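Student: I should like to take a close look at a single part of this structure. Could you please guide me through the surroundings of one residue and then connect them to the rest?

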Amino acid sequence: MHGCEGDLQEDGTLKFIRGMDMYSYDGDNFLAFDDTNSVWVAPTPEALLTKRKWDGVDVLKEYTKGYLENECMDWLTKFMTYGQKQLREASPPQVHLFAKNSKVKTNIILTCLATGFYPKDITLRIKRNGRVLYEDDGLTSSGVRPNQDNTYQRRDSVEILRTDKSTYTCEVIHKASGVNVERGWESGVDGLTIGIGVAVAVVILLLVVAAVLFVLYKRGKFGRSNIHSAVNILGTPNQY
């Protein structure tokens with residue numbers, strides 16, 4: 001394992017603090033480079049022979065020290081710059097939790113959609129009564145997919161019974177834009193129910209209007225041509 005650590009200065013540059021160059025063998029630590037003293041450290045007796053050999057190779061020690069203090073710091077600076085750029089360009093997700101019909105009449109498909117976010121790293125969880133749902137619970141996920149405007153979207157769904165009275169929520173965390181939200185969905189209160197409710201309301205309204213027009217017509221206060229005009233203006237239930 002190789003790496004380095006730096007301290008951010010007021011002028012935006014990184015100052016080298018320490019570096020690490022470690023080797024393992026059979027799952028255990030074997031050798032590590034002490035950058036301060038330019039020597040190799042052997043944590044186990046088995047590594048002592050290799051330590052003595054490597055300590056005697058000045059070129060290897062100079063190269064390792066130079067890599068950690070210079071090239072590694074250059075890479076660290078580049079990664080920091082990339083990260084800051086992503087933070088400046090971060091776009092928060094729009095989160096929607098909705099239901100739609102399933103092929104099984106007794107079921108509906110509950111979907112959580114997060115879209116319009118950048119960069120692509122995001123956490124999305126559908127929960128039932130506070131417990132996160134997984135594939136074993138029937139959860140499916142589209143994974144993160146690109147939108148046409150260079151942002152991303154992700155869609156997770158789970159099929160549930162229409163009669164399910166559990167509390168469902170969707171949690172979305174997008175660290176780059178600082179978004180951490182949780183949307184709730186109540187059983188029976190969704191786009192399907194609203195759509196059906198609107199259609200029923202329209203039909204009832206038309207029936208009431210038709211009844212009023214019929215009464216007026218019977219009383220002679222409304223002619224046949226007036227009724228036809230009113231019906232044409234209001235439309236018929238088939239138009240909705």
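Tutor: H96 is located in strand β5. The model is a predicted one, and every value below is computed from it. With a relative accessible area of 37%, H96 is partly exposed, because that class lies between the limits of 20% for buried and 50% for exposed. Setting aside residues up to four places away in sequence, H96 touches T111, C112 and L113. The last of these, L113, stands 17 residues from H96 along the chain, yet the C-alpha atoms of the two are separated by 5.1 Å.

Two of the residues touched by H96 lead further. Consider C112 to begin with. Apart from neighbours within four places in sequence, C112 is in contact with a list of residues including V95, H96 and L97, and also L124, I126, C170 and V172. The list for C112 further holds R154, R155 and D156. C112 also has a place in the largest nonpolar core, a set of 20 residues in which L110, C112, V172 and W185 touch the most other members. Strands β5 (94-101), β6 (107-117), β7 (123-128), β11 and β12 (168-174) are the elements that each give two or more residues to this core. The largest share comes from β6, which gives five residues. There is also a second, separate core of six residues, and F30, L31, W40 and L68 are among them.

Now consider T111, which leads to S157. The side chains of T111 and S157 make a polar contact at 2.8 Å. S157 belongs to strand β11, which covers residues 152-161. Its relative accessibility is 13%, so S157 counts as buried, the limit for that class being under 20%. Beyond its neighbours within four places in sequence, S157 is in contact with I109, L110 and T111, with I126, and with G138, L139 and T140. I126 is therefore found in the contact lists of both S157 and C112, where contact means heavy atoms within 4.5 Å.

For a view of the surface, turn to W75, which is placed in helix α2 (residues 58-88). W75 is partly exposed, since its relative accessible area is 42%. Together with F79 and Y82, W75 makes a nonpolar surface patch of about 370 Å².

Key
Residues are numbered from 1 along each chain as its sequence is written. This is a predicted model: local features need pLDDT of at least 70, side-chain atom pairs count only at pLDDT 80 or more; totals for chains, interfaces and linings use all residues. Side-chain values use heavy atoms; hydrogens and water are left out. Helices (H or I, at least four residues) and strands (E, at least two) are DSSP runs, numbered from the N terminus. Buried means under 20% relative accessible area, exposed over 50%, partly exposed in between (1.4 Å probe, protein chains only). A polar contact is a pair of N or O atoms within 3.5 Å; within protein, one must be able to donate a hydrogen and the other to accept it, and residues adjacent in sequence count only if both atoms are side-chain atoms. A nonpolar core is a set of buried Ala, Val, Leu, Ile, Met, Phe, Trp, Tyr and Cys residues joined through side-chain atoms within 4.5 Å. Patches are made of residues with over 30% relative accessible area and no salt bridge: like charges are joined within 9 Å, nonpolar side chains (Val, Leu, Ile, Met, Phe, Trp, Tyr) within 5 Å. Accessible areas come from the Shrake-Rupley method with a 1.4 Å probe; for residues, only the protein chains shown count as cover. A salt bridge is a side-chain nitrogen of Lys or Arg within 4 Å of a carboxyl oxygen of Asp or Glu.
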